[in-house]
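Reader: I should like to go through this model step by step, with the reasoning set out for each answer.

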Amino acid sequence: MKRLAFILPALLLASCDSAPQATFADASITLPDDPLDLPDLPGRDAVIGNCTACHSPSTMLQQPKVSREKWEKQVAKMIEIYKAPVDPAAIPQIVDYMVAVQAEQAAAEQGNVSRETSGQAGPKGGLEGV
Amino acid sequence: MDGGKLTRRTLIAGAGGAALTAPVLGQKLAGHLIDLGLPGGPSLRPLTPAFPGKGEMIVQRIRPPLLEAPMSVFREGVITPNDRMFVRWNWDMPTSVKAADHRVAVGGAVKHAVSLTLDEIASAGEHVSVVAINQCAGNGRGLSDPRVTGTQWGNGAMGCAKWTGVRLKDVLAKAGVADGAARVRFAGLDVPLTDGAPQFIKSIPMDIAMRDDVLVAWGMNDEPLPLLHGFPLRIVVPGWFSTYWVKMLATIEVLTGEDDSYYVAKSYRVPAAPITPDEKDFETVAITAMPPRAFITSHADGDVVAKGKPLVLEGIAMGGEAALAKVDLVGERGLEIPCSLGPDEGPFAFRRWQVTIPEVTGNLAQIGVRAANVNGAVQPESLAWNPSGYARNVIERITLRAQ
């Protein structure tokens, strides 16, 4: 089969002169299991029960540290926009849980930072330029 | 589940079993952890080849899949292999598609609505290929300072591939665009789990839809589109953010007015004019075309380089909505050196750049590369902060230590 390839740098669209046949076979994949991994703190069951149907827990766990009010807004967004069927009684537990998880994450991060800076001077120490 | 939709009851029932087994994400997926260096963290993510058809990818989310390419993927060439292209789904994705059963409905403001098989799509017009960058609108969001919520991507939610298909305008011609057509909207097979939740549908203006390089594509780097990338068909809009490149294309709808659907009218929007993080009420516009960007790929922040020796730096750059014009190495105290550009694979592709520093005399503090496109758009010195962390294109800087 003869084809126009990307020989010319300026060529944006390459037309295939011999109308190559596009063939479509069925496709199917198996995605990895989602282990629903969430730190063991009070309110975990409320989060698993209300917040893991549409997305993995990493959606919550990867967020930067935000205020309690922001977590309340996040839960409200899930309910109002994405129609998450959240048990109203569980909302305070979910918010408490996320605030507690982020406090733990921040403490761990602090630990990492102080370990790093206690070692050799970081890249920003004593620079001279080119 | 009743009809696949979510109710409180099915939700709780579904979660119960899984809750009993909660192994660590990293362990379960095997692989190891990578540090994305997000300011303030959390920064560690699993790096694993656990997804079908994918090599080592950073797992931002298992379900629906959000996979990011580690920056090492961009060290060579301009084409991102299919197994290293980032993956992004908003809602659960179907995991199997029967080719013979698939139809693309073309309707709305058309002369005669049609429902096309894959073969009918493939014979709608000339087969064309375009090399184009596919970049998530939120690429680099996790590096925002101050931080913002959303998927906490590093800079690897991008890639460049050769896309093959037919022109969208040829597919539209099968139905005949009616008078008054203003936009073309796309929907895929991915649908929300809950009634009333917004489906991920996106639209582009008519003049963009009629462009010669806007495709209904089935080929990605000369292979069939993998399911994770939207098999059997996806929209390709070179120069525009990936959010418009609707995957598993099932519906094409011609609109006569504005699109008031959620992912166009409410989400994927940026401030119309620059704002500060404290501002609350501001006009927004839909995020559309991409700005220029450039990355150093030969070295990472904190790498050690040889003092007294020449240093070759290399990387990739993109012009965004228009061809790349130039790339400069920039640093402190007015350092500015033009870089030489590698082969041109077309205006919407990555292009490699290279620069040699004749002699390293000391640490190279806060160096970066600054791309400009032929329309005159230049990467800014400081971040155009926005509350959703879209369209990051601040100059990315690293520091190299001389030893």
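**Strands, a helix and a cavity**

Reader: In which sense do β24(B) and strand β25 of chain B pair?

Author: The model is predicted. Strand β25 of chain B covers residues 351-357, and 2 bridges link β24(B) with β25. At one of the positions concerned, Ser340(B) has Gln354(B) in β25(B) as its bridge partner. The sense of the pairing is antiparallel.

Reader: Which strands of chain B stand at the edges of the open sheet of 4 strands?

Author: The order in this open sheet of chain B is β19-β21-β25-β24, with antiparallel pairing. A strand with a single partner has one side left without a neighbour in the sheet, so it stands at an edge. The strands concerned are β19 (293-296) and β24 (340-341) of chain B.

Reader: How many of the 8 residues of helix α1 of chain A are buried?

Author: Buried here means under 20% relative accessible area. In α1(A), residues that meet this cut-off are Arg44(A), Ala46(A), Val47(A), Ile48(A), Gly49(A), Asn50(A) and Cys51(A). The helix, residues 44-51, is therefore largely enclosed by the rest of the structure, and the number of buried residues is 7.

Reader: How many nonpolar residues are in the lining of the largest cavity?

Author: The whole structure holds 3 cavities of 30 Å³ or more, and the largest has about 200 Å³ of space. Its lining has 20 residues, with Arg88(B), Phe200(B), Arg234(B), Ser242(B) and Lys247(B) nearest the centre. Of the lining residues, 6 are polar and 4 charged, while the nonpolar ones number 10.

Terms used. Residues numbered from 1 in each chain as written. Chains lettered and ligands numbered in written order. Predicted model: local features only at pLDDT ≥ 70, side-chain atom pairs only at ≥ 80, totals over all residues. Heavy atoms only, no water. Pairing = 2+ DSSP bridges. Helix = DSSP H or I, 4+ residues; strand = E, 2+ residues; numbered from the N terminus. Buried < 20%, exposed > 50% of the residue type's maximum accessible area, 1.4 Å probe, protein only. 1 Å grid on protein atoms, 1.4 Å probe; cavity = no way out; pocket = protein on both sides within 12 Å on 5 of 7 lines; lining within 4 Å. Points joined across faces, edges and corners; volume = space filled by probe spheres on them. Nonpolar A, V, L, I, M, F, W, Y, C, P; charged D, E, K, R; others polar.
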